[in-house]
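Let's walk through this protein together, beginning with how far the model can be trusted and then turning to its sheet and the helices around it.

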Amino acid sequence: MTTEPKLGGNAGMDSEYLEIRGLSVSFDGFKAVTDVDLTVLQGDLRFLIGPNGAGKTTLIDAITGLVPATGSAQKSGTELLGKKVHQIARLGVGRTFQTASVFEQLSVLQNLDIAAGAGRSPLSLLRRRKSVLPSIEEALETTGLTALRDKPAGVLAHGQKQWLEIGMLLVQNAAVLLLDEPVAGMSAEEREETGNLLRRIGAERVVVVVEHDMEFMRSFATSVTVLAGGRVLSEGTVEQVQADPKVQEVYLGTAAAIGTELEDETTAHSAEARAKNKESADA
């Protein structure tokens with residue numbers, strides 16, 4: 001029987017966790033993220049919020065190897081910083097982007113099969129499987145895409161593409177999921193379905209959700225970390241964070257400039273660093 005996410009997680013002896021200590025990211029001397037400490041346990045559905053330019057996506061980029069960082073980021077005791085993107089993925093750390101990255105000409109099932117075969121040779125990937133892997137069947141059921149398994153991914157609704165991308169991480173057995181604004185652009189119904197999906201997968205995994213939708217956060221988060229100006233401003237339950245005067249100040253105006261002044265520069269530097277990393281990875 002699957003439990004739901006809860007504050008403090010569903011920690012056991014073999015539980016996964018993400019532990020970040022003193023993580024900083026600089027672009028040509030500009031500090032985008034500064035000395036961030038963050039611990040997320042399996043089963044604790046953590047939302048990462050903050051003004052635009054607060055460093056949320058840059059933090060996720062650093063954890064997944066897309067931008068260089070100092071400090072420490074460990075998955076269940078294994079250091080991630082300094083490793084390449086594909087090495088981090090193979091350690092069971094998966095992420096989504098604000099725009100879903102799926103193979104639109106291929107079917108839902110083929111997308112999941114390619115993701116499940118991430119460790120297979122190119123030759124074996126070209127061969128059709130004689131049967132559907134149990135992990136793929138489970139991902140289809142979990143994401144609610146079973147009835148669409150033979151449809152091209154390109155015809156899926158916006159929300160369904162995001163669910164497929166999450167499913168692609170599930171078949172890779174990702175134990176840590178970092179989701180960047182998964183409900184951006186979704187309808188109210190899609191947001192509700194996505195929240196329920198996060199509950200289904202969050203009880204048995206470490207899930208961190210970068211989000212701007214405060215209503216969605218209030219409905220589904222079990223804990224919240226607030227970033228502002230690249231630093232952790234507050235952390236706790238939804239109620240605790242909402243009652244924090246520092247958070248109220250940031251969102252009500254006087255300190256909002258901490259994020260908005262940095263937004264353009266952070267976005268530009270982060271995008272440039274990701275592009276350079278991708279070029280070196282492709283080389």
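The pLDDT is the predictor's confidence in each residue, on a scale from 0 to 100. Keep it in mind here, since this is a predicted model. The protein has a mean pLDDT of 85, with 81% of its residues at 70 or more. Confidence is highest in strand β4 (residues 70–75), at a mean of 98, and lowest in helix α11 (residues 257–282), at 47. Across residues 254–269 the pLDDT is below 50, and in the model this stretch has 25 contacts beyond near neighbours in sequence.

Now look for the open sheet. Six strands form it, in the order β6-β7-β8-β3-β9-β10, and their pairing is mixed. In general, strands of a sheet pair through backbone hydrogen bonds, either parallel or antiparallel. At the edges stand β6 (93–96) and β10 (231–236); each has a single partner strand, so one side of each is left without a neighbour in the sheet. On average, neighbouring strands of this sheet are turned by 20° against each other, direction ignored.

For one pairing in detail, take strand β3 (residues 45–49) and strand β9 (residues 223–228): they run parallel and are joined by four bridges. R46 has S223 in β9 as its bridge partner.

Which helices should you look at next? Helix α1 (residues 56–63) packs on the sheet and touches β3, β6, β7 (176–180), β8 (206–210) and β9. The direction of α1 makes about 145° with that of β8. Helix α7 (residues 188–202) lies across β3, β7 and β8, and runs at about 155° to β8.

Key:
Residues numbered from 1 in each chain as written. Predicted model: local features only at pLDDT ≥ 70, side-chain atom pairs only at ≥ 80, totals over all residues. Heavy atoms only, no water. Helix = DSSP H or I, 4+ residues; strand = E, 2+ residues; numbered from the N terminus. Contact = heavy atoms within 4.5 Å. Pairing = 2+ DSSP bridges. Axes fitted to C-alpha atoms, helices over the stretch in contact; angles between N-to-C directions.
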